[in-house]
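Subject: Structure handover

Hello,

Here is the structure we talked about. Please open it alongside this note; what I found follows below.

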Amino acid sequence: MMQFTVFGNPIEHSLSPRIHQLFAEQCGKQLDYSRSLTSKQRFAGAVASFFRAGGQGANVTVPFKEQAAELVTHLTPRAARAASVNTLIPLGQGQLAGDTTDGMGLLRDVERLVGAQGLPQRVVIIGAGGAARSVIEPFQEAGCEVYLSNRSAAKVTPLVQRFSALKVLPFEALGHSPSEEFNANFCLINATSASLAGHALPIDDGWFSAGVLTYDMMYGAQLTAFLQQAKRAGAGELADGLGMLVEQAALAFSLWHNGHVPETLPVLHQLRAELSG
Ligand code: NDP
């Protein structure tokens with residue numbers, strides 16, 4: 001049986017094994033997809049022993065995406081620019097390729113959510129971690145102006161050098177009413193891990209009422225603190241990161257299974273039902 005895993009910490013609530021089982025059922029494949037809890041010190045060793053034992057692919061989640069980008073022998077150009085890897089592909093003879101499907105996964109989900117309305121002109125991403133970095137390029141290539149806002153400003157500087165059209169929004173600006181260019185036609189994305197810890201962000205209500213879509217990469221049965229605030233403030237459409245999770249998984253699946261891209265919508269509906277049931 002083909003062996004896959006996801007490395008993370010914490011990892012017990014990861015839905016990746018369930019998603020990949022549902023994708024495999026769609027195409028009549030059998031696979032074993034496990035969860036691997038590890039630590040910063042043990043990550044490299046755990047990855048090496050998984051692939052030595054015949055593993056055919058692995059995902060990487062919080063907090064190992066940057067470490068994974070440093071560990072692999074081959075990085076795809078998009079993973080190199082994002083300095084983030086969420087998908088590991090064995091190349092044989094101890095060689096390992098790393099790619100990131102997070103950004104394309106989010107873009108596909110946002111395209112689905114906005115439908116015929118089309119992508120907004122501007123996208124504001126809060127955060128500068130692995131997930132945030134991997135979404136800059138796909139949205140820029142899709143024609144959006146991308147703004148990045150991060151609590152630690154120092155993390156944004158190297159990104160401006162790497163992604164030339166990237167615009168910076170000082171984190172403090174989120175605490176005040178948005179300026180004119182954010183009065184309409186923009187999408188606000190929470191790519192911080194604040195929701196994971198149950199924390200809200202210091203953000204003025206005005207940011208929610210003006211956007212066409214408010215998105216939190218975090219997902220769960222309950223609205224995150226960020227989405228709760230957005231709802232109270234009268235935001236338009238709200239979305240959590242479940243759709244992104246399914247889309248990034250579908251892209252990883254295709255990297256491991258000869259380019260076969262599974263259908264994502266039935267899997268998203270099933271997971272949503274399971275989460276709220
Ligand atoms: P990282 O640990 O790499 O980055 C965390 C980011 O969050 C940093 O920019 C950090 O800012 C910021 N941050 C953390 N706490 C706060 C806070 N209280 N206030 C303001 N900023 C804060 O995480 P990832 O980029 O890997 O993941 C980010 C989130 O996205 C997680 O919740 C993760 O679960 C989710 N995710 C969802 C996916 C999906 O498919 N739905 C895929 C990937 C990620 P600073 O630099 O100042 O520390």
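The C-alpha centres of domain 1 and domain 2 are 26 Å apart. This is a predicted model, so please read every value here as computed. Domain 1 covers residues 2-100, and domain 2 covers 103-242.

The contact between the two domains involves 9 residues of domain 1 and 9 residues of domain 2. Together the domains bury about 840 Å². Carbon and sulfur atoms account for 51% of that area. Which residues of domain 1 lose the most area to domain 2? They are L15, R81 and A82. Those three make up 49% of what the domain 1 side buries.

Next, the backbone. Two cis peptide bonds came up, and each leads into a proline.

- N9 to P10 is cis, with omega near 5°. P10 sits in the loop that runs between β1 (2-8) and α1 (16-26).
- V62 to P63 is also a cis peptide bond, with omega about 5°. P63 belongs to the loop between β3 (57-60) and α3 (65-71).

A83 is worth a look as well. Its phi is near 50°, which is positive although the residue is not glycine. A83 is placed in the loop between α4 (77-82) and β5.

Now the second largest pocket. Its space comes to about 240 Å³. The lining consists of 14 residues. Nearest the centre of the pocket are A48, F51, G94, Q95 and L96. Which elements give two or more residues to this lining? They are α2 (43-52), β5 (87-92) and β6 (95-99). The largest share comes from α2, with 5 residues. By class, the lining has 8 nonpolar residues, 5 polar and 1 charged.

Finally, the record. UniProt gives two domain features that I checked against the model, both from an unreviewed entry.

- "Quinate/shikimate 5-dehydrogenase/glutamyl-tRNA reductase" is listed by UniProt at residues 121-175. In the model, the end C-alpha atoms of this span lie 22 Å apart. The span is 33% helix and 22% strand.
- "SDH C-terminal" is placed by UniProt at residues 241-270. Here the end C-alpha atoms are 15 Å apart. Helix makes up 70% of the span, and strand 0%.

If you have time for a few stops, I suggest these. Start with L15, R81 and A82 on the domain 1 side of the interface. Then view the cis bonds at P10 and P63. Go on to A83 and its positive phi. End at the second largest pocket, where α2 gives 5 lining residues.

Best wishes

How values were computed: Residues are numbered from 1 along each chain as its sequence is written. This is a predicted model: local features need pLDDT of at least 70, side-chain atom pairs count only at pLDDT 80 or more; totals for chains, interfaces and linings use all residues. Side-chain values use heavy atoms; hydrogens and water are left out. On a 1 Å grid over the protein atoms alone, a cavity is a set of points where a 1.4 Å probe fits but cannot get out, and a pocket is an open set with protein on both sides within 12 Å along at least five of seven lines; lining residues have an atom within 4 Å of a point. Grid points are joined across faces, edges and corners, and a volume is the space filled by probe spheres set on the points. Helices (H or I, at least four residues) and strands (E, at least two) are DSSP runs, numbered from the N terminus. Ala, Val, Leu, Ile, Met, Phe, Trp, Tyr, Cys and Pro count as nonpolar, Asp, Glu, Lys and Arg as charged, and the others, Gly among them, as polar. UniProt positions are given in the numbering used here, feature names are shortened, and annotations may be inferred rather than shown by experiment. Domain bounds come from an automatic or database domain assignment. Contact means heavy atoms within 4.5 Å. Buried area is the accessible area (1.4 Å probe) that two parts lose on being put together, summed over both.
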